[in-house]
Amino acid sequence: MAATRSISCVKHLAESPNLSSIPSNYIYHTDPAETEVEASIPVIDFSLLTSHNPHHKAEAIHDLDQACQDWGFFILVNHGMPEELRQGVLEAAAEFFNLSEAEKPEFEPENVLSPIRYGTSFNAATDNVFCWRDFLKVFVHPHFASPHKPQSLRQLLPEYCERSRDVVSKLSKAISQSLGLEETEMETELELRSSLQIFVANYYPRCPNPEAAMGILPHSDHGLFTLLIQNDVGGLQIQHHQRWFNVNPPPNSILVNTGDHLEIFSNGKYKSVLHRAVVNDKTARISIATANGPSLDAVVAPARRLVEGEGGAVAVYAAMKYKDYLLEQQSGQLDGKTMLKRVRIQD
Ligand code: OGA
Ligand code: NI
């Protein structure tokens with residue numbers, strides 16, 4: 001059934017003639033002492049991670065382990081995702097946001113577990129500060145949903161999501177090993193055969209006061225790994241040693257960040273990374289973030305073998321069903337790592 005209410009999206013606002021400054025509910029105060037820096041972010045060669053040469057593979061797993069410990073973030077190259085598919089999905093997302101204002105309300109959700117959610121900001125019902133973005137979030141695994149238009153998105157979504165899951169599956173195997181577990185232990189404990197995958201398209205329109213607004217407020221992602229691609233417009237920033245770093249990915253790469261459930265499963269070895277997106281006054285930015293988590297029904301706790309037995313560590317996170325975690329995180333406001341702190345039981 002089509003929703004009856006309709007949101008006021010920021011794309012529409014941004015395109016209104018004579019908009020010279022942003023409405024006050026979009027004003028976000030950053031700390032003026034904050035500096036933004038360029039960084040050399042770790043690069044992981046996916047072809048080595050999946051190599052049959054055990055030496056190359058071991059080296060790549062070591063690099064992945066370091067990247068996840070130091071940054072919670074890396075640039076994936078040689079990932080095997082065809083360039084036409086990457087570009088095609090970005091263009092299809094643009095077509096979705098370019099649908100007319102009359103066509104989009106049918107994709108507004110009933111609740112945060114609706115399989116197709118078109119919206120603005122993060123949680124427009126509760127946000128104190130609005131994010132300068134519109135979004136489309138689609139549950140694509142274990143049950144596949146898709147907006148019925150535009151046609152291009154319907155066509156490309158299955159393959160893009162399946163290939164992304166394949167990348168995540170291989171990353172999960174490597175991470176399982178770098179935690180000292182068997183290759184398949186992570187996928188078994190987190191029931192990754194029915195992993196939740198959410199396709200998120202973000203649209204950040206041009207903004208007349210980019211320094212006063214924020215595209216997406218600082219947060220960590222709830223899942224295990226998020227894969228991110230963008231049109232050729234930057235904006236993503238990640239926090240590293242209390243400073244914000246601009247991310248300028250090389251062409252044809254995929255950005256990967258670690259999420260809260262990897263932090264929980266690894267018992268704190270791999271901390272989820274705080275990130276945000278800034279906006280600009282020149283070009284609209286589109287990003288596609290594919291969130292990959294455990295099964296919604298998995299009760300997630302630190303990996304059993306890390307915390308049991310005599311040599312086991314103390315579990316620093318309480319067990320919680322992923323579905324309950326997701327519901328609580330998505331129903332509130334976007335606020336750093338607040339949700340993760342609720343399940344943390346030790347400092
Ligand atoms: C997200 C996200 C960042 C970006 O969708 O969770 O963090 O660069 N997006 O769009
Ligand atoms: Ni995010």
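These are my notes on aromatic rings in this structure, which is a predicted model.

**Entry: ring pairs.** I searched the whole structure and found 8 aromatic pairs. I then looked at two of them in detail.

**Entry: Trp71 and Phe245.** I looked up tryptophan 71 with phenylalanine 245 and found an edge-to-face pair. The ring centres lie 5.3 Å apart, with 75° between the planes. Where do these two rings sit along the chain? Tryptophan 71 is in the loop between α3 (54–70) and β3 (73–77), and phenylalanine 245 is in strand β10 (residues 243–246). The pair therefore ties together parts that are 174 residues apart in sequence. I also checked burial, and both tryptophan 71 and phenylalanine 245 are buried.

**Entry: Phe96 and Phe107.** I turned to phenylalanine 96 and phenylalanine 107, which form a tilted pair. I noted 5.5 Å centre to centre and 55° between the planes. Phenylalanine 96 belongs to helix α4 (residues 83–97), while phenylalanine 107 lies in the loop between α4 and β4 (116–120). They are 11 residues apart. Are they buried or exposed? Phenylalanine 96 has 0% relative accessibility, so I count it as buried. Phenylalanine 107 has 4%, so it counts as buried too.

**Entry: a cluster.** I followed the ring pairs further. They link Phe96, Phe97, Phe107, Tyr118 and Tyr203 into a cluster.

**Entry: charges over rings.** Which residue lies over the face of phenylalanine 135? I found lysine 137 there, 4.7 Å from the ring centre. I also checked tryptophan 244. The charged end of arginine 276 sits over the ring of tryptophan 244, at 4.2 Å from its centre.

Conventions. Residues numbered from 1 in each chain as written. Chains lettered and ligands numbered in written order. Predicted model: local features only at pLDDT ≥ 70, side-chain atom pairs only at ≥ 80, totals over all residues. Heavy atoms only, no water. Phe/Tyr/Trp six-rings, centres within 6.5 Å; stacked < 30°, edge-to-face > 60°. Helix = DSSP H or I, 4+ residues; strand = E, 2+ residues; numbered from the N terminus. Buried < 20%, exposed > 50% of the residue type's maximum accessible area, 1.4 Å probe, protein only. Lys NZ or Arg CZ within 6 Å of the ring centre and 35° of its normal.
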